[in-house]
Every structure is written in structure tokens, then in C-alpha cells.
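Work through the exercises below with the sequence and the coordinates open. Try each task before reading its solution.

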Amino acid sequence: MTVIQLLVNSLTLGAIYALVALGLVLVFKSSDLVNFGAGDWVLAGAYIALALLTAGLPLYLVLILAPLGGALMGLVIDRAVFRRIMSASPWTFVVASLAVGGLLRELAVLRYQSNHFPFPPVLSRDPVEVLGVRITPQNLWVLGATVVVVTALLLFFRYTTYGRALEAVAQNRVGAQIVGINLSRALMVTWALAGAVSAVAAVLIAPSTDVSPEIGLLLVKGFVAAALGGLDSLEGAVMGGVAVAAIETFTQVYLNQAAVDVVVYGLLLVVMWVRPAGLLGRRVVRRV
Amino acid sequence: MSNQTAGSTEKAPAATIPGPAPQKAGDGRLPRAARAAAWLLVGIVLLALPLLLPPFRTYLATVVLVYVIAVVGLNVVMGFSGQISISHAAFMGVGAYTTAVLMGRWELPFPLAALAGVLLATLLGYVVGLPALRIAGHYLALATLAFQLIVQSVIFNWESVTNGPRGIAVPPAVVGVFPLADRNLYYLVLVAALLSLLFVRNVVRSRVGRAWRAIRDKEIAASVFGVDVARYKTLAFGVSAAYAGLAGAMFAITVGFLDPAAFNLWESVKQLTMVLFGGLGTLVGPPLGATLLVLAPEFLTPFREHSLLVFYVVLLLVLIFLRGGLASGVSRTAAWVRRRRSGAPPPDAAVTAGAVTAVRDRPAPPAERPALTGGPVGEPMLTAGGVTVRFGGLIALEGVDLRVRDGEIKGLIGPNGAGKTTLFNVLTRVYPVHEGSVTFAGRDMLRLRPHQVVGAGLARTFQNVEMFRSMTALENVLVGRHHRDVCGLWRTGLRLPSARAEERRARDAARAALATLGLERYADTPAESLPLGVQRRLEIGLGVVAEPRLLMLDEPASGLTAGEAAALMDDVRRIRAAGVTVLLIEHNMRFVMGLSDSVTVLDHGRVIFDGSPQRAQSDPAVVAAYLGEVES
Amino acid sequence: MVRKSVTAIALLALALAGCTTTSSEGGGTQVSTQGVTDTEIYIQGFGPITGPASWVGLGNRDGFALAVKEINAAGGVHGRKIRFEFHDDAFQVAQAQQVARRIIQQDKPFMVYAGTGSTTFLAVADQLRQSGLPVYNGFSGSEAARKTPEVDNMFHGEAVSTKWVAPSIADMVADNLKATRVAILHEDGEWGRTLCAQVATELQGKSGLQVVANETYPAAGNDFTGQLVAIRNANPQVVVNCGLFPAAKIILRQARELGLKAQFVGDAGQANATVWTGNEAAAEDWLFNWYEPQFLTDTTGAQGEFLQKYKAEYPSAPTGRPNHADNFSYTAAYLLKSALEEAGKDLTAEKFIEALAAVKDARPTPISPNVSCANERHECFVDLVWMRIQGGKAVPVDDAGLAQIAGKVSGS
């Protein structure tokens with residue numbers, strides 16, 4: 001029973017990692033860029049939601065408006081920064097995305113300092129017992145919502161013209177332009193989408209983590225999750241998140257806390273070595 | 001995409017491109033005496049600093065120098081060899097903790113403890129470099145990230161050795177009777193930093209540095225020209241980690257207290273930022289970036305709790321408006337000032353004008369070797385038999401036979417997708433072969449690794465000019481010499497006489513090759529700012545200077561004007577006249593038929609014809625293949 | 001290649017040399033009236049005001065500054081105004097080193113107020129001791145940062161050392177709650193590790209008591225299921241948690257979700273309204289260490305007046321402020337002021353240290369606990385009280401409350 005209980009709980013943690021990973025994968029999938037500030041995008045989404053909440057809006061309205069705010073944020077960041085460095089070296093983008101993340105965090109700190117703010121859950125946190133396993137409706141909501149978000153994104157990329165166009169842009173920017181894809185607009189959509197998904201992740205995560213500058217630290221776990229699953233695979237991000245959470249939980253219980261990081265990151269190294277594109281990734285790593 | 005990037009900062013075209021009246025190397029720089037004076041001034045200021053500064057400022061300057069050592073090393077991996085590393089702070093931590101623990105627990109003297117720290121960091125650097133053999137770009141970034149996180153976790157949790165989160169005090173270091181503190185320490189770190197910088201400067205300007213930059217610019221081309229990519233990548237990681245280890249040892253005795261957070265992921269990111277902020281792939285940029293970032297808290301004190309906000313804004317502004325970092329800002333300003341003073345036209349005009357004159361002014365080709373109008377010339381030099389290559393279910397080559405005789409010019413033609421370039425890639429070991437054999441001058445080519453091919457006497461060019469774009473024409477050609485020379489990291493870094501002599505010889509040969517092609521005026525121009533025609537010829541020059549017995553050219557005439565193509569035909573004849581056999585892929589029929597002694601025609605991965613050019617033009621199978629292409 | 005950018009190197013050298021422009025005179029021996037003029041007493045503080053730990057430095061800075069403003073408005077000390085400056089150490093050791101050197105070697109104040117966490121304070125503590133400057137450690141509770149006996153010029157305020165916190169917790173668990181099966185749960189940072197190691201030692205001395213589980217968790221974690229399930233399986237009556245408030249909140253919530261019904265006991269590092277705000281059900285009856293006389297969020301009495309003064313001075317202060325660093329640095333400033341007054345008109349560091357070391361049973365402010373610096377460890381605060389959460393509010397725990405909780409413990 002203990003094992004099942006641990007699995008169920010690690011699933012909720014896995015969903016949190018997966019939600020952060022989704023922002024990363026989404027951007028990589030549609031622009032071939034890695035947003036090293038992705039953790040802070042989620043953080044920004046959480047503060048947007050917090051601001052709306054403290055302005056007195058009801059929770060359901062916050063859940064609707066926060067993703068819109070996130071999309072707007074994505075658009076502004078694209079216009080103000082990313083657009084201007086597209087032609088520079090990809091490492092410039094690495095540092096720029098970090099700097100944008102830092103800036104978002106500091107803007108939040110400017111207003112809210114490093115305090116922790118509670119964020120209301122959508123459903124009850126009183127546990128229900130099912131076959132000896134305890135789970136809360138709120139956790140079920142997070143799991144369900146994560147599945148819905150991933151499915152929606154998968155459908156978007158697989159079945160809409162625009163989604164496929166975005167993926168084409170990532171794989172071959174010049175080629176995509178030749179077949180008539182508006183590159184500028186594609187990137188705009190990517191960043192707006194990334195902002196919206198970050199905000200969705202934020203409102204799902206915030207009830208369990210509180211709203212604080214430390215949300216940005218989730219980036220590291222999101223990264224590991226995304227890399228394990230494959231940087232370009234949405235399903236992989238979810239699977240990676242769940243896997244990382246499960247490994248963490250079980251290493252902690254059956255080995256010890258000090259070994260957790262070494263095991264998780266060691267595993268990532270092994271995967272990078274054996275199967276660099278990740279477990280579900282498809283992208284060819286090196287083109288000749 | 002990742003290739004075009006890094007180096008372009010190093011020499012903004014504006015700064016190095018000669019004007020319409022080309023001058024000697026060194027054009028656009030300060031005169032030698034002025035440069036010497038500037039260095040002297042810098043030296044005096046650095047030496048006098050602790051005498052001028054109060055103790056606290058001396059400490060700050062020492063910390064700056066510690067980070068200078070670290071980022072100079074990081075720049076080797078990122079700036080010069082083009083690999084990404086998000087684990088530099090981890091290496092620094094390994095160096096620092098090793099030093100501190102050995103000094104504290106085993107009471108080892110500082111120099112020994114530091115040496116152990118550097119060695120351990122270097123060893124780990126090689127290990128971390130291993131994934132770079134298989135993966136690149138973002139994936140490599142993730143692998144180094146994982147390593148960083150493992151190291152920081154070990155430092156944090158290995159309490160019995162590192163004292164865990166509590167941190168560890170470093171005992172005061174004494175060498176002989178000199179306590180390593182304050183001024184003494186400053187001078188020690190200064191010497192270490194200057195030597196570190198000098199060593200990297202020497203290496204970067206040598207064969208080793210060119211190999212790194214070639215990998216950065218175009219990995220496959222580098223390997224084809226004889227650079228052992230695997231070895232040089234891990235070497236770069238090793239060197240970089242050694243620098244980080246040294247910086248860590250210096251950090252330990254400078255700051256005097258270590259805790260895990262001093263070497264965490266964000267510290268790695270900070271060092272990465274220092275390099276980019278200062279100027280990736282330049283020598284002065286990273287030290288400049290380290291200086292400003294270490295001193296940033298001092299500068300930002302007035303902003304109090306908003307200092308990070310200000311910092312990120314400034315960082316973004318620099319990234320947006322000063323692409324190549326601060327170093328490029330400095331050199332761009334300098335170039336602008338010089339242009340204003342000399343009234344020279346902007347660089348693009350200068351290059352184009354130069355290109356036109358270059359083609360016009362070239363010497364006439366030497367007389368043809370009389371015997372070369374027809375048939376086979378000598379013994380078979382290259383023999384490929386029954387070569388089959390598959391990509392998944394797709395058969396790219398099927399039982400291809402090819403024979404190139406010593407001294408001939410052989411044409412390899414066929415419609416698009418016939419497998420010509422694939423065959424080139426097979427011959428140079430870029431692609432694996434599923435069946436068949438390749439023998440070259442009596443050697444089994446299939447036993448060689450890609451970088452050994454050129455040493456065996458086989459050089460090639462690429463269909464889409466694969467130049468080392470950020471390197472100058474001369475440096476490009478020098479890469480072609482790579483496989484002939486031997487001096488490695490230590491000899492070039494220390495500028496030993498053997499390395500200097502070798503470098504001199506290589507440069508003479510490279511200049512001679514440029515002269516043969518009439519390109520000497522572009523010697524110091526970055527390849528990326530040369531017109532396509534010049535780039536093509538330069539790439540051939542690269543092939544020539546490798547002194548191969550067989551030179552393989554992949555569509556050398558594509559994209560050239562009629563005049564340029566004619567000049568190129570002369571070049572190819574001249575190469576053959578020098579005793580080099582040529583294998584040529586070309587679509588330009590006039591070009592290939594005019595040059596070749598014999599041709600082989602490929603279609604759908606099979607040989608459909610082998611014989612003289614004249615016969616090929618009337619061969620029904622060949623005609624059908626080409627007509628078929630027209631129809632489809 | 002790069003030779004052309006000699007200019008850049010010159011710039012680098014200039015940047016280094018540029019440091020000289022604002023430098024003050026170097027060298028000079030320690031003068032005990034350093035930082036004191038006819039009109040001014042110069043005090044410098046440091047702590048993290050950027051980064052995740054910025055609540056520590058901001059609280060220490062703003063609480064202290066508020067007191068200084070009041071003191072100056074009331075005429076200062078013997079006609080001298082206090083000048084207070086605060087430096088950012090970002091909770092990073094290297095930067096703390098930089099700041100400490102700057103204070104000792106360059107800025108040369110009369111005294112130093114350290115408003116920083118344990119790791120950073122530990123990194124500079126010896127340097128500060130050797131400087132001879134009067135130093136008041138206002139926030140680090142690390143036992144490793146203390147000396148027995150302490151050197152003359154070093155004093156410790158809040159947080160109380162683990163040396164005193166551990167017995168307080170052990171006594172609560174064994175003597176008041178009369179628990180026989182106890183689980184220990186602690187963060188992997190310096191504070192939690194040290195504290196719970198000492199708690200474990202103390203508990204060993206209690207007869208009839210068994211430590212049934214000892215689990216570690218990452219300080220910045222979001223999920224403690226593994227630890228809590230392991231503890232649940234060990235079936236303890238009481239769980240002692242050593243760590244900080246963000247984790248404490250999640251731990252209480254997840255314990256409830258997992259059906260772990262044991263009584264939780266925490267140290268003062270977790271005494272933050274965040275733990276029970278929006279988490280009332282899970283935090284009900286939680287016991288934690290605090291200081292008399294009132295809890296931070298108490299809007300009545302002296303604490304209520306302090307809150308009003310604070311909001312008037314910092315109208316844009318966000319929720320969560322004043323935090324306990326604000327509260328204690330405010331008191332610390334008044335404690336230091338009283339010692340400055342006691343040291344007399346002819347102020348020297350020696351006289352000030354003597355005066356501070358003689359403070360006994362004082363209450364520098366109405367919100368202050370009992371303060372006595374007159375001990376060989378120079379620890380000005382050592383008294384702890386216990387609080388519980390009742391109906392979503394922090395209230396002092398009285399005998400009846402204790403009996404009620406003890407009853408629950410023995411019943412489980």
C-alpha cells in the first residue's frame with residue numbers, strides 16, 4: 001500500500017514538473033530555442049494570477065484571465081527582447097532568456113518582495129480514501145488539468161495548420177519561410193502560447209507551492225523532466241516529469257535524501273549519453 | 001545554425017578588412033610601438049594597483065583576477081571550440097574544495113594542494129567532455145548541467161569531507177615566509193591570471209587554436225581536413241576545467257571560506273554571462289566581463305534591493321545593442337574612429353572591389369601538360385568496389401565501382417540525387433559503408449577515422465562552401481596544414497622554439513598557396529565576408545595546402561559567374577600540373593567536360609557509365625538519365 | 001586578431017584603477033573612537049536584500065532603520081545622531097566576505113549590525129571578531145557562530161542558538177507532551193541539520209522515549225511525501241520539524257493529506273503566518289517556538305502599536321511585513337541605543353562594549369522579550385515560549401491548552 005500511496009503522490013509532483021517542462025518543450029518544438037528563463041515565466045504567471053486575485057476577482061475569472069495575461073507577457077517579451085536578438089548567436093539567446101527570467105523575477109520582487117503568498121485551491125484538500133490510498137480532489141484536479149493541457153497542445157501541433165507550421169519553423173527556419181510561413185508571426189504565436197501555458201501551469205502549481213520567487217527554481221526539475229522525455233516531445237515532458245518525481249520519491253524513501261540529486265541527474269547523464277534525443281524525442285541530434 | 005555564431009564577434013569584419021589598397025598584415029591595428037606602449041601601461045597599472053589601492057580595493061581586484069582565470073578557461077570551451085558548458089562553477093568548486101580540504105585536513109602546503117585541485121578538475125573536465133563526442137548544442141548543455149548539479153549535490157551532502165552546508169574555512173596560506181594575503185596574494189593571482197591569458201592567447205593563435213575554431217565553425221569540414229574532433233573537443237573541456245580548478249584554488253585562499261552555494265548552477269550561469277557580456281571568443285572580452293560582473297555589486301550599491309533589477313536591464317541592453325559583447329563595442333568604436341580618420345569606404349565595398357581586381361589580375365595559367373587531353377594517365381590511385389550505403393530503407397549507393405588513376409582529372413556526374421556527394425562522404429569516411437571496399441594508394445580507407453583521411457593523401461571541398469567562416473583566409477588555409485604538423489597544447493602554449501618554427505613554416509606554405517590562387521590580399525579577411533567566388537577558390541586553396549595526392553571538388557563552379565568559372569578551370573589545371581589528381585563533381589557540363597580526362601556517371605545510386613567525356617555525351621543511358629531528370 | 005583591441009585591455013585596467021576614485025585612506029590602526037564624531041555615530045549593517053533570502057536582510061534593515069529614525073527624531077544619543085547604512089550580501093559567502101572587508105577596511109564604522117543568515121554570518125564571523133569592532137549578530141542562530149566564552153566585541157541577539165532551542169523542544173516533547181514515540185524531520189540546510197542533531201541528542205537523555213524515524217528533506221522542496229509516508233509507517237505520536245517556514249507549511253498540509261495524525265512541533269524558524277494562512281485546517285494545534293511577549297501578527301497592545309508605526313513608515317510594505325527580522329532588529333537598535341547612552345558622552349568602543357555586556361533584564365522596547373547580554377557567551381536573548389495555532393490564529397499556549405494537546409498525543 002505504501003508503494004501505491006507513494007506513486008500516487010509522486011504523480012502530483014510529477015504533474016508540477018511536467019507543467020514547467022511543457023513551457024520549455026513548447027518553445028523548443030516550435031522555435032528550436034531553449035528558454036532558460038522558463039521557470040520564471042511560470043513565476044510571472046503566478047504573480048499575474050496573484051495580482052488578479054488580490055484585486056478582488058473571483059477564482060474562476062482569475063483562472064481564465066491569467067493565461068491571457070501570460071500570453072500578453074509573451075508578446076511583450078518577444079517584441080522587446082527576443083525579436084531583437086534572433087540573428088545573434090544562440091548563446092546570446094541562452095543568456096538573454098536567463099536575463100528575461102531574472103527580470104521577471106525581480107519585477108515580481110519589486111512589488112511583493114520575497115514573501116510567500118497562499119493561493120487558493122480549486123477543489124477541496126480534504127483527502128478521500130480510495131482502496132486504502134489517500135488522495136485529495138485538488139490533486140486530482142491538477143492531474144486532470146495537466147492531461148487536458150497536454151492533450152490540447154498535442155492536438156494543436158498535430159492537427160492544426162498553424163501547429164504544424166510552428167514545428168516546421170523549428171526544424172528549418174529558412175525552408176519554412178520559403179513555403180510561405182510568416183516567420184515573425186510564427187515566433188509571436190510561439191511566445192504568446194508559451195506565456196499562456198506558463199500561466200496555466202502557474203495557477204495549477206501555486207496552490208501547492210505558494211506564490212514566491214522560489215517557483216523559478218522549479219526550472220531545474222522541469223529541465224531534467226524535459227530532457228529525459230525528449231526536448232521536442234510534449235508527451236515526453238509529462239512522462240519525464242512523472243519519472244523524475246517517482247525516482248526522487250523512491251530514492252528518498254529507499255535510499256536517502258542525500259542520494260536523490262545524484263541519482264536523478266546521474267540518470268539524466270546516462271540518458272544523454274545513450275539516447276541524446278531523450279526517451280520520446282524524435283529530433284535528430286546531429287545533422288550532416 | 002549554431003555554427004555561424006560564436007566567432008563572428010571575434011573579428012567584426014569592419015576591423016580587419018583591408019581597404020582598397022591592401023596593406024601588410026597588421027592593417028587596421030595600432031602601430032607596433034603603440035601597442036607595446038599600451039601593454040606596458042597596462043602592466044604598470046596592474047603592478048602598481050595594490051600600492052595605489054587601499055586593502056579592500058586590492059581584495060576586490062584579486063577577486064576580479066580569480067574570475068578572470070575562470071572565464072578565460074570557459075572561453076576556451078565556449079568561445080573558441082564552440083561547445084557549451086554550464087558546469088564551470090562545478091569545476092571551480094572541485095578545485096577550491098580540494099585545495100581547502102588538503103590544506104586544512106592534511107596540512108599540505110598551498111602549491112601542492114592547488115596542484116591536486118587543478119589535476120582533479122582537469123580529469124573531471126575530460127570526463128564531462130566525453131558526451132561532447134556524441135552530442136552538441138542544447139543536448140550538450142543539458143549534459144553539463146546534469147554534471148553541475150551532481151557536483152553541487154556531492155559538495156552539499158558529503159558532510160564528512162566538505163562540511164556540507166555549513167561551509168569550510170580555508171587555513172591561511174603561507175609559501176616559505178610569505179603569507180599569501182593582501183598584496184602578496186594579489187601579485188600571485190595576477191601572475192597566474194597573466195600567464196593563463198598568455199597561454200590561451202598562444203594556443204589560440206596556433207595550430208591547436210585553429211583546430212578548435214575550425215570545429216566551432218564547421219565540425220565536419222574540420223574533421224575532413226584532419227582535425228581529430230573528438231580529441232580536440234575533450235582537450236578543450238580539459239583545458240577549461242584546469243583553468244576553473246586553478247581559479248577555484250585561488251578563490252579558496254582569496255575568499256578564505258567556501259560554501260556549496262559559491263559553486264552552484266547560478267554561479268556557472270554567472271560565468272557564462274561574464275563571457276558573453278565581455279565578448280565570446282575574444283581574448284580581452286571575458287576578462288572585461290569578469291571585471292564588470294564581479295564589481296557589479298559595488299557599482300549597483302546605490303540601487304539597494306533593486307540592484308538585480310538594474311543588472312538584468314543592463315545585461316539585456318548589452319545583449320540587444322552590443323551583439324559581440326563589450327569587446328566588440330570597443331573594437332567597433334576603434335574601427336569607426338579609424339575609418340573616420342582615413343576616409344576609407346565601408347568594408348563591404350572594399351571587399352567586392354578587391355574581388356573583382358583579384359580575378360582580373362591573376363597570372364595566366366601555365367602551359368598544359370601535353371599528354372593530358374585523353375585517356376588514363378597512370379596507375380589506379382583510388383579504387384572503390386561495390387560500395388553500398390543505405391539510410392534506413394533508402395538505398396543511396398548500390399554496388400558503386402569507381403577508379404581514379406594517378407594524375408588524371410576525373411569527372412563524377414549525374415542528375416540530382418544520384419549519390420555523388422554521398423560517394424564523396426563515403427570516400428572521406430563521413431558516412432559509414434554497409435558493403436564494399438575503398439582502397440587509396442594501397443591503403444584500406446575503411447579502416448581510417450575521418451580525420452585520418454587527409455593524412456592518407458585525400459582532401460576534398462564541399463558542395464555548399466564549408467569555410468571556417470569566422471577565421472581569416474590565411475587561417476582557413478592553415479587548417480589545411482593541420483594534419484602535417486605535430487605541435488600540441490604545451491608546445492604551442494609555451495611557444496617553444498619547435499612550435500614557432502613549425503608555425504612559421506606553415507604560414508609560409510599557406511601564404512604561398514594563397515599567392516598561387518591570387519588571394520594573398522585577403523589573407524587577413526574573415527572568410528564570411530568574402531564573395532562566394534573567392535570563398536570557392538579559398539576552399540580549393542585549403543585542399544591544395546593539405547598537399548593531397550587526390551583532391552576531390554564538390555560542385556566547385558556552382559554559383560560562379562562565367563568569368564569566375566573560367567578562372568577556376570585554370571586553377572584546377574594548375575593543381576593537376578602540380579601533380580595532384582583531381583576528382584570532380586560538377587553540374588556545369590562545359591566545365592566538367594572541358595576539364596575531365598574521364599567521367600563516371602551515377603544515377604539512382606548506380607554507375608551507369610564510365611569512360612571518356614566525349615563518349616559520355618552520346619551514351620544512351622546517360623542521355624536518358626539526364627532527359628529523365630528534365631521530364632520529371 | 002585581438003591585438004587591435006588594446007583599447008579594451010586599457011579599459012579593463014582603468015576599471016580596476018577606477019576603484020581608486022572612491023577609496024578612502026588606506027591602512028591605519030584601529031582607533032576606538034572610529035566612526036564617532038561630535039554629531040554622529042556611524043553604524044553599518046549587512047544582510048541579504050536581494051535573492052530568495054531577501055526577507056531576512058530587508059527585515060533587519062527596515063526594522064533597525066525605523067528605530068534609528070525614531071531615536072534621531074528624539075534627539076539621538078548624547079546629542080549625536082545615528083547614521084545607519086546597510087549592505088547587501090545576497091546570502092552568498094563570497095559577497096559577504098566582500099562586504100565584511102569593505103566594512104572593516106574601508107568604511108570603518110563605529111559598530112556592525114549583522115542581519116544575515118547563518119552561512120554568511122559564519123563565513124565572516126571570525127573576521128569580524130578580529131576586527132575589534134563591536135558586532136551585534138542580530139539573526140544567526142547557528143551554534144557554530146558562537147564561542148564560549150565569546151570574545152569581548154561580539155554579541156548575539158535573535159535567533160536563539162540551537163544550544164537553547166534544542167532542550168526547549170526536547171522538554172516540550174518529553175516532559176509536557178509526554179510522548180514516547182517521536183519522529184524527527186529536518187531540512188538539509190545548516191540550521192535544520194544542527195538543530196535536529198541536538199534535539200536527537202537531548203531526546204536520548206529522556207527515559208521511556210524512542211526516536212522512531214529520522215528523515216531529511218531538501219529546504220527548497222515542494223513535496224515531502226516520501227519522508228511523511230516513512231514517518232507515518234513508523235507511527236510516532238510527535239513529529240519534530242527543524243527547518244524554515246516555506247517547507248513547514250507544505251509539510252503540515254501533506255501530512256494531513258496522507259492521514260499522518262501525529263502532533264507537529266516546530267522551531268522559531270517556522271514562526272511565520274504563511275504556515276497557517278490558507279492552511280488553517282492542517283495547521284490547527286501546531287506547536288512552535290516563539291519569544292515573549294506577543295506574536296508578530298497580534299494587532300493588540302504594544303505589537304499593535306508597532307504595526308501601526310511600521311505601516312506609517314513603510315506604507316508600501318507588502319503582506320508578510322513586518323516579519324520577525326523587522327521586529328527584532330527594531331528592538332536590537334533600541335538595545336544598542338541604551339548601551340550607547342550608558343557608555344557616556346565620551347564614547348569609545350571599549351566603553352560601549354562594557355555597557356552592552358552589562359545589560360541585564362532589560363526591555364529596550366515594549367515589544368521586546370527580556371534581554372540580558374551579561375553572560376560569558378554574550379547571548380542577549382535566550383528565552384523561548386511556545387505558541388499554538390488555534391482557530392487559524394497564533395496564540396500562546398497555556399497549561400490547559402498544553403494538557404489538551406498532551407491528551408491527544410497520549411491517545412494516539
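## Exercises on a predicted model

Chain B contains 26 helices and 14 strands. The model is predicted, so confidence comes up in the tasks as well as geometry.

**Exercise 1. Find where chain B is least and most confidently predicted, and list stretches with pLDDT under 50.**

Solution.
- Start with the average. Chain B has a mean pLDDT of 83, and 89% of its residues reach 70 or more.
- Go to the elements. Helix 1 (residues 13-16) of chain B is lowest, with a mean of 36. Helix 4 (residues 88-105) of chain B is highest, at 96.
- Scan for weak stretches. Residues 1-28 of chain B stay under 50, with 67 contacts beyond four places in sequence in the model.
- Residues 345-376 of chain B also stay under 50. That stretch has 49 contacts beyond four places in sequence.

**Exercise 2. Describe burial, surface and contact range in chain B.**

Solution.
- Burial: of the 632 residues in chain B, 59% are buried.
- Surface: chain B exposes about 23,700 Å², and carbon and sulfur atoms supply 61% of that area.
- Range: take contacts in chain B between residues at least 6 apart in sequence. Of these, 75% join residues at least 24 apart.

**Exercise 3. Check the span of helix 2 of chain B against its expected value, then locate its kink.**

Solution.
- Helix 2 (residues 32-52) of chain B has 21 residues.
- At 1.5 Å a residue, 30 Å is expected. The model gives 29 Å from first C-alpha to last, close to that value.
- A kink of about 30° lies at B:Leu46, shortly before the proline B:Pro50.
- Now look at burial. Among the residues of helix 2 of chain B that are buried are B:Arg35, B:Ala38, B:Val42, B:Leu46 and B:Leu49. B:Pro50 is buried too.
- A rule helps in reading such a list. An α-helix has 3.6 residues a turn, so residues three or four places apart point the same way.

**Exercise 4. Repeat the check for helix 13 of chain B, and decide how enclosed this helix is.**

Solution.
- Helix 13 (residues 285-300) of chain B has 16 residues.
- Its ends lie 21 Å apart, C-alpha to C-alpha, close to the expected 22 Å.
- The kink is at B:Val294, about 40°, shortly before the proline B:Pro297.
- In helix 13 of chain B, 13 of the 16 residues are buried, so the helix is largely enclosed by the rest of the structure.

**Exercise 5. Give the domain layout of chain B and chain C, with the contact between domains in each.**

Solution.
- In chain B, domain 1 covers 6-18 + 46-294 + 307-337, and domain 2 covers 377-631.
- The C-alpha centres of these two chain B domains are 39 Å apart. Contact joins 35 residues of domain 1 of chain B to 42 residues of domain 2 of chain B.
- In chain C, domain 1 covers 34-160 + 303-311 + 322-357, and domain 2 covers 163-290 + 385-411.
- Here the C-alpha centres lie 32 Å apart. Each chain C domain puts 9 residues into the contact.

**Exercise 6. Is C:Lys206 buried or exposed, and what does C:Lys206 touch?**

Solution.
- Place it. C:Lys206 lies in the loop between helix 6 (190-204) and strand 7 (210-217) of chain C.
- Apply the cut-off. Buried means under 20% relative accessible area. C:Lys206 has 17%, so it is buried.
- List partners more than four places away in sequence. C:Lys206 touches C:Ala170, C:Asp171, C:Ala174 and C:Asp175.

**Exercise 7. Characterise the surroundings of C:Phe121 and A:Leu26.**

Solution.
- C:Phe121 lies in helix 4 (residues 118-131) of chain C. Its relative accessibility is 0%, so C:Phe121 counts as buried.
- Beyond four places in sequence, its contacts include C:Leu128, C:Asn137, C:Met154 and C:His156.
- Chain A averages a pLDDT of 88, and 98% of the residues score at least 70.
- A:Leu26 lies in helix 1 (residues 2-31) of chain A. A:Leu26 is also at 0% and counts as buried.
- A:Leu26 touches A:Leu153, A:Phe157, A:Leu193, A:Ala194 and A:Val197, leaving out residues up to four places away in sequence.
- A:Leu26 and A:Leu231 are 205 residues apart in sequence, yet 8.8 Å apart in space, C-alpha to C-alpha.

Definitions and conventions
Residues numbered from 1 in each chain as written. Chains lettered and ligands numbered in written order. Predicted model: local features only at pLDDT ≥ 70, side-chain atom pairs only at ≥ 80, totals over all residues. Heavy atoms only, no water. pLDDT = per-residue confidence, 0-100. Helix = DSSP H or I, 4+ residues; strand = E, 2+ residues; numbered from the N terminus. Contact = heavy atoms within 4.5 Å. Buried < 20%, exposed > 50% of the residue type's maximum accessible area, 1.4 Å probe, protein only. Areas by Shrake-Rupley, 256 points an atom, 1.4 Å probe, with all protein chains shown as cover. Expected span 1.5 Å × (residues − 1). Bend = angle between axes of the 7 residues up to and from the residue. Domains from an automatic or database assignment.
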